[in-house]
Amino acid sequence: MTVTAFENLVWAGSFLVNVCLLLILVVRQRWRKFCFFTAWIAFQVSLTIALFAIYREGSARLYSEVYWLTGILDFLLQICVVVEMARIVLRPTGAWIPEARKRFILAAILGTAVAVGSTFLVHPSARSTLEVWEMRADLFTSMMFVEVFLAMMGSANKLGLQWGTHVMGLGQGLLAWAAVAVLVDVSHNLLGRFRWYYGLEDLRSLIWIAAAVYWIVIFWRPEKERLPLSPEMQKYLVELHADVQYDLSRTEDSLSRLKR
């Protein structure tokens with residue numbers, strides 16, 4: 001495969017913004033709050049260096065094997081990033097809000113089912129069975145990420161939970177990149193690897209570069225003070241606290257009677 005100058009430029013740009021983003025996360029100590037996101041960016045930087053070294057050695061088979069095998073770890077890290085964001089957004093008081101956790105889990109399960117069903121409804125045009133499954137795996141990964149991410153956003157918005165500046169910026173960039181990734185993978189499954197394949201991959205990379213530049217700016221700036229909870233959420237937490245206190249008092253009374 002011949003790599004064009006533009007593709008080399010896009011590859012180099014992706015690597016540079018990832019390195020800069022990783023430095024910002026470490027220097028500004030954002031990794032303390034976004035440890036999985038930092039690990040994901042560090043993984044991408046390390047993988048790019050490893051793949052470049054393998055590419056320079058001219059081992060196409062090893063390059064392909066490393067690329068696809070590490071895709072599993074990349075997918076797991078993406079899901080960990082979404083769960084990390086859910087933990088930040090859906091735990092405004094330091095503990096999970098039961099209703100928020102239920103909504104998030106239910107929506108995530110439904111989203112996963114939709115991703116699985118959609119993946120098998122598409123019949124990719126490819127040269128081999130292995131390529132078909134690779135393309136389906138890419139589509140499932142992209143859809144799964146978007147569905148779980150939307151589940152987290154929906155749960156937060158439904159309950160009136162406020163987003164912080166950093167997590168909001170991270171979410172906006174991820175949603176833009178993931179939405180384009182789904183469109184790219186759907187196109188790959190419909191068109192195969194024969195038409196517009198590398199152009200679409202360049203588009204995915206360009207959106208990532210734009211998102212990474214946005215994150216560099218967001219994470220460099222100090223975190224603004226978190227907005228107060230909405231009146232509805234405050235009322236919910238007060239009622240939840242009252243219920244817990246009532247149940248606790250009943251439990252204490254029951255234990256006292258048993259001791260007698």
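Biologist: How many disulfides does the count come to?

Modeller: Keep in mind that this is a predicted model. A disulfide needs two cysteine sulfur atoms within 2.5 Å. Take Cys-35: the closest cysteine sulfur, in Cys-80, sits 9.0 Å from its own, so that pair is too far apart for a bond. By the cut-off rule, the disulfide count is zero.

Biologist: Is Cys-35 buried, partly exposed or exposed?

Modeller: Buried would mean under 20% relative accessible area, and exposed over 50%. Cys-35 comes in at 38%, so the label is partly exposed.

Biologist: Okay, on to Glu-84. Which residue has the nearest side chain of opposite charge?

Modeller: Glu-84 belongs to helix H3, and it's buried with no salt bridge. A salt bridge would take a distance within 4 Å. The nearest oppositely charged side chain is 4.4 Å off, and it belongs to Arg-87.

Biologist: Which backbone nitrogens does the side chain of Glu-84 reach?

Modeller: Look at what Glu-84 touches further off in sequence: Lys-33, Phe-34, Cys-35, Phe-36 and Phe-37. Two of these offer a backbone nitrogen at 2.9 Å from the Glu-84 side chain. They are Cys-35 and Phe-36.

Biologist: And the largest nonpolar core: which helix gives it the largest share?

Modeller: That core has 49 residues, with Phe-37, Trp-40, Met-152, Trp-215 and Phe-219 making the most contacts inside it. Helices giving two or more residues run from H1 (5–27) through H2 (35–57), H3 (60–89), H4 (98–121), H5 (129–158) and H6 (165–191) to H7 (197–220). The largest share is ten residues, and it comes from H5.

Key:
Residues are numbered from 1 along each chain as its sequence is written. This is a predicted model: local features need pLDDT of at least 70, side-chain atom pairs count only at pLDDT 80 or more; totals for chains, interfaces and linings use all residues. Side-chain values use heavy atoms; hydrogens and water are left out. Buried means under 20% relative accessible area, exposed over 50%, partly exposed in between (1.4 Å probe, protein chains only). A nonpolar core is a set of buried Ala, Val, Leu, Ile, Met, Phe, Trp, Tyr and Cys residues joined through side-chain atoms within 4.5 Å. Helices (H or I, at least four residues) and strands (E, at least two) are DSSP runs, numbered from the N terminus. Lys and Arg count as positive and Asp and Glu as negative; His and the chain ends are not counted. A polar contact is a pair of N or O atoms within 3.5 Å; within protein, one must be able to donate a hydrogen and the other to accept it, and residues adjacent in sequence count only if both atoms are side-chain atoms. Contact means heavy atoms within 4.5 Å. Lists of a residue's contacts leave out its neighbours within four places in sequence.
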